[in-house]
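Trainee: Got a minute to walk me through this model? I'd like to start with a pocket.
Mentor: Sure, here it is.

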Amino acid sequence: MASSSSTHMIPSSSSSSSTFDSHSRWSWDVFLSFRGKDTRGNFTDHLYRALNRCNIKTFRDDEGLGKGEEIAPDLLQAIEESRIAVIVFSKNYAGSKWCLEELVKIIDCKEEREQKVIPIFYHVDPSEVRNQREIYKEAFTRHEENADEEKRGKIRRWKTAMREAGKLAGYDVKVDSYESKIIDDIIKEIRETIPLVLNVNENIVGMDSRLERLISGLEIQSNDDVRFIGVCGIGGIGKTTIITTLCNKISNQFQRTSFLANVREESTKDSGLLKLQQQLLDDTLGVRGQLKLKNIHEGVKVIKDMLSSKKVLVFLDDIDNQRELEHLVGKHSWFGHGSRIIITTREKYLLTKHKVDYMYEVDKLNDVDALQLFYSYAFKQNFPAKGYRDLSTQVVRYAGGLPLALKVLGSLLFGKGVKDWKIELKKLQEVPNTEITKVLKISYDGLDHTQKMIFLDIACFFKGGHVEPITQVLDGSRFQAESGINALMDRCFITISTDKKIEMHDSLAQMGKEIVYKECPNEPGERSRLWKHEDVCRVLTRNTGTEKIEGMLLNDQFTSEYEMKFTSEAFKRMTRLRVLIVHNNQVQLSEDFAFPSHDLTSLTWVGYSLASLPSNFHVNSLVYLHLKDSNINGFGKETCVLQN
């Protein structure tokens, strides 16, 4: 019977995208057909080992282990499911009925399944195979002895298949040939035929336009230079899916391909960077198990020395610090002409610092694509079930075009009734989904203290506001606003719109608010920032505010049938209050109202009810004052007016 052997590799599964449908036919990259007694212990074994080292999934038919003329069903299936058939024609190949049956099946698959066939003429002349001369003629003569009509028909099929195979371009291995050089050439041809096929989630939506932009920056047609390509965006935006799809599409245009996944996570493990260097070299040199690095400094030297003449395609997914780049893909000169290095990260500044040649910032999905992606998870089809269209639109609006959120929420709601959908939607307005937050918070944890403070201020108070006054307010809080805002932009937390407004994805803003909420879930007065109407009212009416409160927003989202009256006592303990924003004209103040905080940098109070600011109002830190629609007609005697 035949036996199968294969290397450990990324499974050759694929997406259902039309671009990659052909991949699903193949369970094996290569099927090896050979006469065991001729080449099992020499050429075929060397070829098989070379295929293994290159992670080429190979089915090796150990011919001779079975008996009889009928080829085993599992062997027929293996031939059908192999992308390439390599036939080693040796002196005794035609003497094996088993080999000849394999050959017929292979030629059938060439015609019917577009299987690529590579003949190798090992110590036999191609014309002997093609025309069945000399030793091949003798073999067929023996087959024809005492053959009945049925067997003669089978022999005619053998001869026809051999004639077709003999016409194909292949490799002529003579007695004095350098077999290692020929094996290298065979491997090169096979690698160029087989793209590196990585697992891509089957629900790919909006990929064509994204790939088009990325491929334009690659300039693959140019072999005169080395190009570094940066792909950046917030967590969950689809960076890994995009480059995985790209890898499947273009890897066959390069001599070697290496895909280093989860670099951020892997590099933190024991000898993580060294192992990543080892994987890069194993993938690009095809020397798996033969080259062992001692340390990362040796790794850098070997990468520079060994890859500088090779056209390679390298993917580094999820980089988060400069050290990873410096030790894996330090400079353009490390790689041969035509090489392309693709790097994904949440940290845009790393790409700028590493001088990438082209940067692609992944944007959120548009409304049409977002709905399609959500439908594929929530309903397992590309349209909503009856009665769910409006609810689906609400979920997609909440997700804000973030692929991760659409996938997670679609999977969460799959199979649930309308009532459950409404419950989940209401819950999401209060508490963000933990699976989404977990991915986004990785980037937040990488910020320094000041950057975190700026992020939380924007998430809770300033999202959608004009950048100039917000910068002034943050500077007033000694947060080095320009540097902090640039850092948040570099890490894709925020963008600045054409009309100079700070924009932040809703999922990021909700994550920021959840971080503040968890500072003290049960008592709002113990949190650093308050923005919910009910939390602010509770703190101010019960006088439970503390020195931990740094910012407070009271809006008119909720209205009451009665006026709210706040006293100085309610603010008395808020000695670190920096930002106070009131958009509610139902708030009334006592005549002796006073602000206790010397740190107040921003006061916005629409409908301020008193005729003047308190006489002891502290303006030393104040940089922004906005009192629209107020009753104010002057300032207290001791109040200083802001100077421009």
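**Pocket first, then two residues**

Mentor: The second largest pocket has 29 lining residues, and nearest its centre lie Gln-429, Gln-510, Lys-513, Trp-531 and Lys-532. On a 1 Å grid over the protein atoms alone, a pocket is an open set of points where a 1.4 Å probe fits, with protein on both sides within 12 Å along at least five of seven lines; lining residues have an atom within 4 Å of a point.

Trainee: Which elements give two or more residues to that lining?
Mentor: They are α17 (389-399), α19 (418-430), α21 (449-462), α24 (506-517) and α25 (533-542). Helices are DSSP runs of H or I, at least four residues, and strands are runs of E, at least two, numbered from the N terminus.

Trainee: And which one gives the most?
Mentor: α24, with seven residues.

Trainee: What volume does the pocket have?
Mentor: About 810 Å³. That is the space filled by probe spheres set on the grid points, which are joined across faces, edges and corners.

Trainee: How does the lining split by class?
Mentor: It has 12 nonpolar, seven polar and 10 charged residues. Asp, Glu, Lys and Arg count as charged; Ala, Val, Leu, Ile, Met, Phe, Trp, Tyr, Cys and Pro as nonpolar; the others, Gly among them, as polar.

Trainee: Any ground rules on the model?
Mentor: This is a predicted model, where local features need pLDDT of at least 70, side-chain atom pairs count only at pLDDT 80 or more, and totals for chains, interfaces and linings use all residues. Residues are numbered from 1 along each chain as its sequence is written, and side-chain values use heavy atoms, with hydrogens and water left out.

Trainee: New topic. Is Phe-595 buried or exposed?
Mentor: Buried, at 3% relative accessible area. Buried means under 20%, exposed over 50%, partly exposed in between (1.4 Å probe, protein chains only). Phe-595 sits in the loop between β17 (587-589) and β18 (602-606).

Trainee: What is Phe-595 in contact with?
Mentor: Beyond neighbours within four places in sequence, its contacts are Leu-580, Leu-603, Trp-605, Pro-614, Phe-617 and His-618. Contact means heavy atoms within 4.5 Å. Phe-595 and His-618 are 23 residues apart in sequence, and 7.7 Å apart C-alpha to C-alpha.

Trainee: Where is Lys-116 found?
Mentor: In strand β4 (residues 116-122). Lys-116 is partly exposed, at 28% relative accessibility. Not counting residues up to four places away in sequence, Lys-116 touches Arg-83, Ile-84, Ala-85, Glu-189 and Thr-193.

Trainee: How many helices and strands does the chain have?
Mentor: 26 helices and 19 strands. Of its 644 residues, 54% are buried.
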